[in-house]
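Reader: Hi! I've got a model to look at and would love to talk it through with you. Could you bring it up?

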Amino acid sequence: MYYKLILSLLLVLISCSERQEEQVFWPFLKSQVYTSDSLSVIRSPGLIARPSGTKVHLLTFKETDKDYRCLFYRIPHGEKKGILFLEKSQDESCTSLEILKTLDGIIDLHYQFSFTPSGFKVITFQFKDNRGREQSFKVRLFNLRKNPSPFGGRVIFRQMPELIGSPLKLKAGERCQVLDKDCRVVKSNCDQCEGGHFPVMRADCP
């Protein structure tokens, strides 16, 4: 009976801890990006599932006279769950980084764009948490409108070939991704592999 009580308490604490992380991360993300007047789409919307085990750049937010906010995602690999990173950078390429907040335990992350009835752009993130529960969070961007004024915000798609379906194909054995010294993906076109692909991680990458 005593051990069952301890186990129950531990499960409650773990559950509360997970919920606290989510309750901190998403409001913080919203507070950092909701007034952005520029959004760069680095990884196209949809399910983010490959290359497994790598840290990929999803989105870059920018507000006039402020540093860039960069959203990265470490894709799950084996038993390791995914991790979202919100980082700050002084340059648009998001290379000089300071980690602001992280959220781990993520599975099957995908995101999509939509608009509110009044025309504000919304990013919806959906995923499964550590306990397999479906989660959904929305981030509204008040300076990015469906029908912006000439002085309004802008959305930039940085990888147009990936978004519209590039006719280029990579042959078997060709390298389809490049990692920097911090194991972040700086280039990836693995969706162009003719026969699929598999991850080959560097020995110094976690």
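Reader: Thanks! Let me jump right in: are Cys-70 and Cys-94 buried or exposed?

Author: Both Cys-70 and Cys-94 are buried. One thing to keep in mind as we go: this is a predicted model.

Reader: Good to know. What joins Cys-70 to Cys-94?

Author: A disulfide, with an S to S distance of 1.9 Å. The disulfide count comes to 1.

Reader: Which hand does that disulfide have, and why?

Author: It is left-handed, because the torsion about the S-S bond of Cys-70 and Cys-94 is about -80°. As for what it connects, Cys-70 belongs to strand 4, while Cys-94 sits in the loop between strand 5 (82–89) and strand 6 (97–115), so the pair ties together parts that are 24 residues apart in sequence.

Reader: Nice. Staying in strand 4, where does that strand run, and is Arg-69 in it or outside it?

Author: Strand 4 covers residues 68–74, and Arg-69 is in it.

Reader: An arginine there caught my eye. Is Arg-69 buried or exposed, and why?

Author: Arg-69 counts as buried because its relative accessible area is 14%, and the cut-off for buried is under 20%.

Reader: What does the side chain of Arg-69 make a polar contact with?

Author: With the side chain of Gln-32, at 2.6 Å. Setting aside neighbours within four places in sequence, Arg-69 also has contacts that include Val-33, Leu-59, Phe-61, Glu-87 and Leu-100. For Leu-59, the C-alpha to C-alpha distance from Arg-69 is 8.4 Å, with their positions 10 residues apart in sequence.

Reader: Phe-61 rings a bell. Which residue is its bridge partner?

Author: Leu-39 is bridged to Phe-61 of strand 3. Strand 1 and strand 3 (residues 55–62) pair in the antiparallel sense, over 4 bridges.

Reader: And how are the faces of strand 1?

Author: Both are covered: Ser-38 and Ser-40 on one side are buried, and so are Leu-39 and Val-41 on the other.

Reader: Let's switch to aromatics. How many aromatic pairs are there?

Author: There are 9 aromatic pairs. In one of them, the rings of Trp-26 and Phe-137 have centres 4.8 Å apart and planes at 10°, so that pair is stacked. Trp-26 is in helix 1 (residues 2–33) and Phe-137 in strand 8 (residues 134–145), so the pair ties together parts 111 residues apart in sequence. Both Trp-26 and Phe-137 are buried.

Reader: How do Tyr-34 and Phe-142 pair up?

Author: Edge-to-face, with 6.0 Å centre to centre and 90° between the planes of Tyr-34 and Phe-142. That pair also links distant parts of the chain: Tyr-34 is in the loop between helix 1 and strand 1, Phe-142 is in strand 8, and they are 108 residues apart. Tyr-34 counts as partly exposed at 38% relative accessibility, and Phe-142 is partly exposed at 38% as well.

Reader: Which residues do ring pairs link into a cluster?

Author: Phe-25, Trp-26, Tyr-111, Phe-113, Phe-125, Phe-127 and Phe-137.

Reader: Last topic, the whole chain. How many helices and strands does it have?

Author: The protein chain has 2 helices and 11 strands. Along the sequence they follow the pattern α-β-β-β-β-β-β-β-β-β-α-β-β.

Reader: And how much of the protein chain counts as buried?

Author: Of its 206 residues, 38% count as buried. The chain exposes about 12200 Å², with carbon and sulfur atoms supplying 55% of that area. Among contacts with a separation of 6 or more, 47% come from residues 24 or more positions apart.

Methods: Residues are numbered from 1 along each chain as its sequence is written. This is a predicted model: local features need pLDDT of at least 70, side-chain atom pairs count only at pLDDT 80 or more; totals for chains, interfaces and linings use all residues. Side-chain values use heavy atoms; hydrogens and water are left out. Buried means under 20% relative accessible area, exposed over 50%, partly exposed in between (1.4 Å probe, protein chains only). Contact means heavy atoms within 4.5 Å. A polar contact is a pair of N or O atoms within 3.5 Å; within protein, one must be able to donate a hydrogen and the other to accept it, and residues adjacent in sequence count only if both atoms are side-chain atoms. A disulfide is a pair of cysteine sulfur atoms within 2.5 Å. Accessible areas come from the Shrake-Rupley method with a 1.4 Å probe; for residues, only the protein chains shown count as cover. Two strands pair if DSSP finds at least two bridges between them. Rings of Phe, Tyr and Trp (its six-membered ring) pair if their centres lie within 6.5 Å; planes under 30 degrees apart count as stacked, over 60 as edge-to-face and the rest as tilted.
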